[in-house]
Amino acid sequence: MGKAIFILSGAGLSAESGLKTFRAEDGLWEEHRVEDVATPEAFARDPALVQRFYNERRAGVAAAQPNAAHEALARLQRDHGAPVHLVTQNIDDLLERGGARDVIHMHGEVNSALCARCGHRWEAPAVMVVGEVCVACGAPTARPDIVWFGEIPYHMEAIGAALEESDLFVAIGTSGLVYPAAGFRQMAQQHGIATLEINLAASGARFDDVREGAASRLVPDWVEEIIGG
Ligand code: APR
């Protein structure tokens, strides 16, 4: 029996599908300061801007295609013979469209809508408007189902359980700057779990093993080693 693997992915996994990472050199995310579009305060202050921003992200995701790294992770999950937990900070659905199952989206999903009043979730329309109505309770309180800065990530209990039962922790394409995800490597090491980073440019955090390069090349190579070997 193979060993259970926990994979934490970030924006770098989808970068080669054409989706921008967050911490580009200009410090902006698609021309916006993060605090202007990705906080509850921003949504309260300017819901039109925030809805428009996520409408654009949703359209971008719909136009993007999974890359070789997404597909390789789906293959690993299918063929490994032991659990492969896919935890992502990404709000896109490229892992799923690459064939992966049970992806844990700790920062929410751009294709999901959430009612701020009753908590109901449903598939987001392509374009959400200011005062978008909840399909369950009818209140004009629908928002993108995204975990904004200052909000608590989803599925933390399931993530903790998955990490504890794993034998290998792999961080792919994440800068490791945003908590609580940034603390997973340390948690893994406290449990005696081996750690590997795959990143275009090493984050500098102390992983047992670091592979530097593009995810679309390194992830399929690594999956081949695990499955082939
Ligand atoms: N292959 C591998 N890694 C890559 C590639 C690539 N082609 N391109 C970029 N990277 C790496 C970068 O070197 C960087 O370490 O991906 C990482 C992207 O880092 P961030 O932009 O900080 O993205 P992420 O770590 O996912 O951000 C975490 O921050 O803004 C919030 O909620 C948002 O989920 C996001 C969280």
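# Loops, sheets and helix packing

Me: In which loop is the place of P180?

Reply: P180 is placed in the loop between β7 and α8 (184-190), where helices are DSSP runs of H or I with at least four residues and strands are DSSP runs of E with at least two, numbered from the N terminus. The peptide bond leading from Y179 to P180 is cis, with omega near 5°. This is a predicted model, in which local features need pLDDT of at least 70 and side-chain atom pairs count only at pLDDT 80 or more, while totals for chains, interfaces and linings use all residues. Residues are numbered from 1 along each chain as its sequence is written, and side-chain values use heavy atoms, with hydrogens and water left out.

Me: What is the phi of D102, which is not a glycine?

Reply: The phi of D102 is positive, at about 50°, although the residue is not a glycine. D102 belongs to the loop between α6 (94-97) and β3.

Me: How do you know that β2 and β3 pair?

Reply: Two strands pair if DSSP finds at least two bridges between them; strand β2 (residues 84-88) is joined to β3 by 2 bridges, so the condition is met. The two strands run parallel, and T88 has H105 in β3 as its bridge partner. Both strands belong to an open sheet of 6 strands with parallel pairing, in the order β3-β2-β1-β7-β8-β9.

Me: What makes β3 and β9 edge strands?

Reply: Each of them, β3 (104-105) and β9 (209-212), pairs on one side only. Helix α7 (residues 156-164) lies across β1 (5-9), β2, β3 and β7 (168-172), and runs at about 135° to β1.

Me: How are the strands β5, β4 and β6 ordered in their open sheet?

Reply: The order is β5-β4-β6, with antiparallel pairing. β5 (121-123) and β6 (142-146) are at the edges with a single partner strand each, so one side of each has no neighbour in the sheet. On average, neighbouring strands here are turned by 45° against each other, direction ignored. Strand β4 (residues 108-115) and β6 are joined by 4 bridges, and A113 stands opposite P144 in β6.

Me: Why are α5 and α9 called roughly parallel?

Reply: Helix α5 (residues 68-79) and helix α9 (residues 215-228) pack at an angle of about 15°, with their axes 7 Å apart. Angles under 35 degrees count as roughly parallel, over 145 as roughly antiparallel, 65 to 115 as roughly perpendicular and the rest as oblique, so α5 and α9 are roughly parallel to each other. Their crossing is left-handed. The residues of this contact (heavy atoms within 4.5 Å) divide into 12 nonpolar, 1 polar and 3 charged. Among them are L73 and L76 in α5, and W222 and I226 in α9.

Me: How many residues of domain 1 and domain 2 are in contact?

Reply: 13 residues of domain 1 are in contact with 13 residues of domain 2. The domain assignment gives domain 1 as 1-19 + 66-107 + 152-229 and domain 2 as 21-63 + 110-146, and the C-alpha centres of the two domains lie 25 Å apart.

Methods:
Axes fitted to C-alpha atoms, helices over the stretch in contact; angles between N-to-C directions. Left-handed = near helix turned anticlockwise from the far one by under 90°. Nonpolar A, V, L, I, M, F, W, Y, C, P; charged D, E, K, R; others polar. Domains from an automatic or database assignment.
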